[in-house]
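Colleague: Please take a close look at one part of this model, the aromatic pairing and the packing around it. I would like one connected account.

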Amino acid sequence: MNAAPRVVDIAPMHRSPGTSIELAQALIGLFTSGDYSPGDRLPGERSLAEALNVGRSTMREALKALAVLGIVEVRQGDGTYLRRTTSDLIPHMVEWGIVLGDRSLESMAEARQYVEVSLAGLAAIRRTPAEMDAIQQAFDVMSHAAEHEDIPTYVRGDLDFHLAIAGGADSEVLAGILRSIGGLMTVWTQKVLGQITLTESLEVHRPILDAMRAQDPVAGRHAMDNHMRQAIKYFQSLAVD
């Protein structure tokens, strides 16, 4: 007989998140802190919203994004559970969504933003010299590819750049999430590069590289957030063109 799932308590936050993006980032931080395990059941949406002093709609949007990533699983009539991220369907869902105009694209784009910004802040602090070399090497591949208008090589370099930052963050849970959506990231980059030049894309990545070198977590988060916001703007337009 299987044991009943542990129902976790969520401690109130020192500062209430103002947006669903901030809330999702805060929840990711909680769930990757080591105090929670896959299979744990979260309190109900209303209880979570009250505990964290946010509106139910904000909580609902944050949980929706985390469900897209596979961080949580919503079981109708049973509750919301923490889970491992093992979805191989996400890259295909992105392509289907672009074709069909699926609104879940927006949730997917925001979900990636939550993870990437968190990873950039951590990597700026934790990356080793060897990990910095890997980040630099990936950027150099992108730079060379941009110079020669080599889109396939640029796309591979872009993925390696983001994964190298994830590796430098020393957070296996968050890095695992990013690795699991590598297909999504490749499709995303290919589609976005249909709207901007390789050089324009490269220059958006440069401040991220500079922040990693300087080991500046504030600059790292800001630069990655700026990159993600621009990418989301281009990516979302694909579903409405």
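Modeller: Phe161 has a relative accessible area of 0% and is therefore buried. The model is a predicted one, and Phe161 is a convenient place to enter it. Phe161 belongs to helix H7, which covers residues 151-168.

A search for aromatic pairs across the whole structure returns one. The partners are Phe139 and Phe161: their ring centres are 6.2 Å apart and their planes meet at 50°. Planes under 30 degrees apart would count as stacked and those over 60 as edge-to-face, so this pair is classed as tilted. Phe139 is buried as well, because its relative accessibility of 3% falls under the 20% limit. Phe139 sits in helix H6, residues 129-147, so the pair ties together parts that lie 22 residues apart in sequence.

The two helices that carry these rings also pack against each other. The axes of H6 and H7 are 8 Å apart, at an angle of about 165°. An angle over 145 degrees counts as roughly antiparallel, so that term applies to H6 and H7. Their crossing is left-handed. Both ring residues take part in the contact: H6 contributes Phe139 among others, including Ala134, Ile135, Ala138, Val141 and Met142, while the H7 side includes Phe161 along with Tyr154, Gly157, Asp158, Ala164 and Ile165.

H7 has a further neighbour in helix H10, residues 198-214, with the two axes coming within 12 Å and crossing at roughly 20°. H7 and H10 are therefore roughly parallel to each other. H7 passes H10 in a left-handed crossing. From H7 the contact uses Ile151, Tyr154, Asp158, Phe161, His162 and Ile165; from H10 it uses Leu198, Ser201, Leu202, His205, Ile208, Leu209 and Met212. Phe161 thus appears in the contact with H6 and in the contact with H10. Tyr154, Asp158 and Ile165 are likewise listed for H7 in the contact with H6 and in the one with H10.

As for the setting, the protein has 11 helices and two strands, in the order α-α-α-β-β-α-α-α-α-α-α-α-α along the sequence. Of its 241 residues, 47% are buried, Phe139 and Phe161 among them. Taking contacts between residues at least 6 apart in sequence, 75% join residues at least 24 apart. One more ring deserves a mention: the charged end of Arg75 sits over the ring of Tyr81, at 3.8 Å from its centre.

Notes:
Residues numbered from 1 in each chain as written. Predicted model: local features only at pLDDT ≥ 70, side-chain atom pairs only at ≥ 80, totals over all residues. Heavy atoms only, no water. Phe/Tyr/Trp six-rings, centres within 6.5 Å; stacked < 30°, edge-to-face > 60°. Helix = DSSP H or I, 4+ residues; strand = E, 2+ residues; numbered from the N terminus. Buried < 20%, exposed > 50% of the residue type's maximum accessible area, 1.4 Å probe, protein only. Lys NZ or Arg CZ within 6 Å of the ring centre and 35° of its normal. Axes fitted to C-alpha atoms, helices over the stretch in contact; angles between N-to-C directions. Parallel < 35°, antiparallel > 145°, perpendicular 65-115°, else oblique. Left-handed = near helix turned anticlockwise from the far one by under 90°. Contact = heavy atoms within 4.5 Å.
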